[in-house]
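Student: I'd like to go through this one and ask why things get the labels they do. Can we take it step by step?

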Amino acid sequence: MMEALEYELERYGHDYIRLTTICPMAIATGMFKKPVTRFSSILPILTPEYTAEKAVEAILGEKSLVTIPASTYYAFYLVGK
């Protein structure tokens, strides 16, 4: 979806607009009392502050895709984007 939007923006001359896709995993938002993951070393429960910090860094760095944590990047491509 983001690729299609990026294409449309570029096609109509808005190539100065940059898009960033943020793909966070589990975030401790308070929706659940004690969120857990089966593989906490690979897929930790993220804090909202950490997730926001990484998202802002990605936007300011003009990255097109960022996975949080970064270790999930390859899994994202294995499943298919």
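Tutor: Sure. Start with a cut-off: buried means under 20% relative accessible area, exposed means over 50%, and partly exposed is in between. Keep in mind that this is a predicted model.

Student: Why is Glu6 called partly exposed?

Tutor: Glu6 has a relative accessible area of 37%. That value falls between 20% and 50%, so Glu6 counts as partly exposed. You'll find Glu6 in helix α1, residues 2-11.

Student: And what makes Tyr12 exposed?

Tutor: Tyr12 comes in at 54%. The cut-off is over 50%, so Tyr12 gets the label exposed. Tyr12 sits in the loop between α1 and β1 (21-24).

Student: How many of the residues count as buried?

Tutor: Of the 81 residues of the protein chain, 17% do.

Student: How do you know what confidence the predictor has in the protein chain?

Tutor: Check pLDDT, which runs from 0 to 100. The chain averages 86, and 90% of the residues score at least 70. Among the elements, helix α2 (residues 48-60) has the highest mean, 95, while helix α3 (residues 73-79) has the lowest, 68.

Student: What is the radius of gyration of the protein chain, set against a compact globule?

Tutor: The chain has 15 Å, whereas a compact globule of 81 residues would have a value near 12 Å. Along its principal axes, the C-alpha trace spans about 45 × 25 × 20 Å.

Student: Which elements make up the chain, and in what order?

Tutor: There are three helices and two strands, running α-β-α-β-α from the N terminus on.

Technical notes:
Residues numbered from 1 in each chain as written. Predicted model: local features only at pLDDT ≥ 70, side-chain atom pairs only at ≥ 80, totals over all residues. Heavy atoms only, no water. Helix = DSSP H or I, 4+ residues; strand = E, 2+ residues; numbered from the N terminus. Buried < 20%, exposed > 50% of the residue type's maximum accessible area, 1.4 Å probe, protein only. Rg over C-alpha atoms; globule rule 2.2 N^0.38 Å.
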